[in-house]
Amino acid sequence: MTIVFLNGEFMPMADAKISPMDRGFLFGDGIYEVIPSYAGRCIGLLPHLQRMKLGLQAIGMPLPMDINALKTIVERLIRDNGKGNLGIYIHVSRGADIKRSHAYPVNVAQTVFAFTFEIPPEPVADKSLVKGYKVISAQDLRWKRCQVKSTSLLGNVLHFQQGQDAGCHETLLFNQEGYLTEASACNVFVIKNNCILTPPLDHQLLPGITRHLLLDMLKQDNKLHIAERAIHIDEVRCADEIWLTSSSKEVAPVIELDGKPVGDGKVGDIWLAAQRLFSQQKYQY
Ligand code: PLP
C-alpha cells in the first residue's frame, strides 16, 4: 500500500482526495519536483527543494513550509514506502477556491501533495547494459517560461508524444532560430571533438538538477573542455555524441537522431566516462 502526504497528513493513496476546484487541476497552477532515491538515499535532495522554492517564488507563491520540513516529509515517505528504487513527487498548487477565476485567490490554503513511485534501478556505466536512445527533432512550441518547473506540462506532453508517435524515445527541441533548448523531459548535452556543450540556462529550458550536478563533476574532473553556449541544429546533426540528462535517466546516450546515427551510431566513450563520474559522485549532492 502506497503511503502519500496530503496537506499535513500521511495516509494510504486511496484515501487522498482533493477538490475538483483545486487550481492545480483547473489551471495547472502549481510547481512540482521529482527526486530520485535508491535504497533510502536521495540524489540532490536539497538542490531539488531549493529549485522548488525558486519556482514557487517565480509564480508568486511561498514555500508552504521550510525546506527542513519538506525534507522530513521526503524521508518519511521513503521509509513508509519500503526504501526501494523510488521517485518522490512533490506538488504544491495554489489551492482550491469556491469559484473559478484566473486571479490569484485570497486566503486560500495551498495544496501540498507528495507520493512515491517505483523507478528503474540505478543506471550503470556499462556500454553493454545501457539503452541507446532514439530521438527526433522538432520546433519547440512550448511557452517562454520553461525555467519554471510548472505542473502545466501539456506542451511537454505533446512534444513527448510526438517522439513516441515517431517510434522514438524523446524529442529534441529547437527554437525558431534553430538553436537547441532541451528535450520534452530532459536536458541535452552535445559532444564534438572532445568538447562537452550544453545550452546556457535561460527561459527556454529547465535548470535540471542532473545537468547541474554533471557540469559540477565534469568541471572538477577538469579533463575535457566544457562550454555552456547556444548550439545550432547543424552542430547537433554532426555531433560525436548526444546525451539526455534527467533525475531518473542520469546521463543517457542518444544513438539515433531523425533516423540517422549519432557519430558512429554506438554508445560513446565520453558517455561512459561521464556516467561513471556521475555514478561515483551523485550521492555527495
Ligand atoms: N527538462 C525538462 C523539461 C524536464 O521535465 C526535466 C525533468 O523532469 C529535465 C529537464 C531534467 O531535470 P532534472 O535533472 O532536474 O530531473
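**Note on a two-domain predicted model**

1. In this predicted model, 22 residues of domain 1 are in contact (heavy atoms within 4.5 Å) with 16 residues of domain 2. Tyr-32, Ile-43 and Arg-51 are the residues of domain 1 that lose the most area to domain 2, together 41% of what that side buries. Buried area is here the accessible area (1.4 Å probe) that two parts lose on being put together, summed over both.

2. As to the basis of the values, the model is predicted, and local features need pLDDT of at least 70, side-chain atom pairs count only at pLDDT 80 or more, while totals for chains, interfaces and linings use all residues. Residues are numbered from 1 along each chain as its sequence is written, and side-chain values use heavy atoms, with hydrogens and water left out.

3. Domain 1 covers residues 3-118 and domain 2 covers residues 133-284; these bounds come from an automatic or database domain assignment. The centres of the two domains, taken over C-alpha atoms, are separated by 26 Å. About 1500 Å² is buried between domain 1 and domain 2, and carbon and sulfur atoms give 64% of this area.

4. Which polar pairs cross the interface of domain 1 and domain 2? The rule finds six residue pairs in polar contact there, both residues at pLDDT 80 or more. A polar contact is a pair of N or O atoms within 3.5 Å; within protein, one must be able to donate a hydrogen and the other to accept it, and residues adjacent in sequence count only if both atoms are side-chain atoms. Zero salt bridges are found across this interface, a salt bridge being a side-chain nitrogen of Lys or Arg within 4 Å of a carboxyl oxygen of Asp or Glu.

5. On the side of domain 1 that touches domain 2, the elements giving two or more residues are β3, β4, α2 and β5. Strand β3 supplies the largest share of that side, seven residues. Helices (H or I, at least four residues) and strands (E, at least two) are DSSP runs, numbered from the N terminus.

6. An open sheet of six strands, with antiparallel pairing, follows the order β2-β1-β6-β5-β3-β4. Its edge strands, β2 (9-12) and β4 (41-42), each pair on one side only. Two strands pair if DSSP finds at least two bridges between them. Strands β3 (residues 30-38) and β5 (residues 85-93) run antiparallel and are joined by nine bridges, with Pro-36 opposite Gly-87 in β5.

7. Helix α2 (residues 45-58) lies across β3, β4 and β5, and runs at about 175° to β3. Axes are lines fitted to C-alpha atoms, for helices over the stretch in contact, and angles run from 0 to 180 degrees between N-to-C directions.

8. The salt-bridge rule gives a count of 19. One of the pairs is Asp-29 with Arg-94, whose closest N and O atoms are 2.7 Å apart. Asp-29 lies in the loop between α1 (23-27) and β3, and Arg-94 in the loop between β5 and β6, 65 residues apart.

9. Strand β7 (residues 133-139) pairs in the parallel sense with β14 (residues 250-257) over three bridges, and Lys-134 stands opposite Glu-256 in β14. Strand β7 also pairs in the parallel sense with β8 (residues 170-174), over five bridges; here Ala-138 stands opposite Leu-173.
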